[in-house]
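Here is a friendly walk through the side-chain interactions, burial and surface character of one protein chain. Have a look at the sequence and the coordinates, then read on.

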Amino acid sequence: MYNRMVEHVLVQRATVLKYQHDIATIANDMKENVEEILGNIEDLNRKYLRFLSKYHFKEVTAQIQGQEMYQMLYHHMRLDVQIAELAHEIDVLHQFASSREDKKQSRLQQTMAYVAAGFLIPSFLTGFLG
């Protein structure tokens with residue numbers, strides 16, 4: 001049973017490291033298409049939530065010795081800190097990509113407002129003189 005516990009903690013650690021690598025890859029690709037980046041971030045967030053629900057446990061056994069050993073492994077691998085940092089990094093990455101998307105939408109709306117204003121004056125003159 002203790003072998004399984006150690007395997008489980010190592011899998012959690014490896015998964016956290018993989019997600020940190022994915023975050024770094026997405027952050028390096030920020031110059032690319034914003035919609036694609038947002039999709040990658042949402043996919044990463046979905047995987048992270050699946051990891052939390054399926055593999056991230058506070059207790060893995062009912063035995064007190066097993067619980068203590070698991071907590072020691074968990075603490076020495078710094079999983080609690082790394083998982084919190086991972087959640088924060090995903091959140092910051094999502095906020096940054098969303099702000100870029102918002103800026104893009106704002107520019108599009110501003111352009112549409114100028115086009116509408118361009119049609120407003122001739123429409124007004126046509127209606128007034130018509």
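## Salt bridges at a glance

Please keep in mind that this is a predicted model. Searching the whole structure turns up three salt bridges. Let's take them in turn, beginning with helix H1.

## Two bridges in helix H1

Helix H1 covers residues 2–28. In this helix, Arg-4 pairs with Glu-7, and their closest N and O atoms are 3.7 Å apart. That value falls inside the 4 Å cut-off, so the contact counts as a salt bridge. The two residues are three apart in the sequence, which puts about one helical turn between Arg-4 and Glu-7. How accessible are the partners? Arg-4 has 61% relative accessibility and is classed as exposed, while Glu-7, with 42%, is partly exposed.

Further along the helix, Lys-18 and Asp-22 are joined by a salt bridge with an N to O distance of 2.8 Å. Here the spacing is four residues, again about one turn of helix H1. Is Asp-22 buried or exposed? With a relative accessible area of 14%, Asp-22 is buried, because the limit for that class is under 20%. Its partner Lys-18 is partly exposed at 45% relative accessibility.

## One bridge in helix H2

The remaining bridge belongs to helix H2, which spans residues 34–54. There, the side chains of Lys-47 and Asp-43 come together with 3.5 Å from N to O. Lys-47 and Asp-43 are four residues apart, about one turn of the helix.

Both partners fall in the partly exposed class: Lys-47 has 31% relative accessibility, and Asp-43 has a relative accessible area of 32%.

## An aromatic link between helices

How many aromatic pairs does the structure hold? There is one aromatic pair. It is formed by Tyr-19 and Phe-51 in an edge-to-face arrangement, with 6.1 Å from centre to centre and 80 degrees between the planes. The pair connects distant parts of the chain, since Tyr-19 sits in helix H1 and Phe-51 in helix H2, 32 residues apart.

The angle is over 60 degrees, so the pair is called edge-to-face rather than tilted or stacked. As for their surroundings, Tyr-19 and Phe-51 are both buried.

## Leu-86 and its contacts

Now to helix H4, which runs over residues 79–129 and includes Leu-86. With a relative accessible area of 0%, Leu-86 is buried. Which residues touch Leu-86, once neighbours within four places in sequence are left aside? They are Val-16, Tyr-19, Gln-20, Ile-23 and Tyr-48. Tyr-19, already met in the aromatic pair with Phe-51, is thus also one of the contacts of Leu-86.

For a sense of scale, you can also check the separation of Leu-86 from Lys-58: these residues are 28 apart along the chain, and their C-alpha atoms are separated by 17 Å.

## A nonpolar patch on the surface

Helix H4 also contains Leu-129. In contrast to the buried Leu-86, Leu-129 is exposed, with a relative accessible area of 68%.

Leu-129 belongs to a nonpolar surface patch of about 740 Å². The other members are Leu-120, Ile-121, Phe-124, Leu-125 and Phe-128. If you would like to select the patch in your viewer, these residue names are the ones to pick, together with Leu-129.

Terms used
Residues numbered from 1 in each chain as written. Predicted model: local features only at pLDDT ≥ 70, side-chain atom pairs only at ≥ 80, totals over all residues. Heavy atoms only, no water. Buried < 20%, exposed > 50% of the residue type's maximum accessible area, 1.4 Å probe, protein only. Phe/Tyr/Trp six-rings, centres within 6.5 Å; stacked < 30°, edge-to-face > 60°. Contact = heavy atoms within 4.5 Å. Patch = residues over 30% accessible without salt bridge, like charges linked within 9 Å, V, L, I, M, F, W, Y side chains within 5 Å. Areas by Shrake-Rupley, 256 points an atom, 1.4 Å probe, with all protein chains shown as cover.
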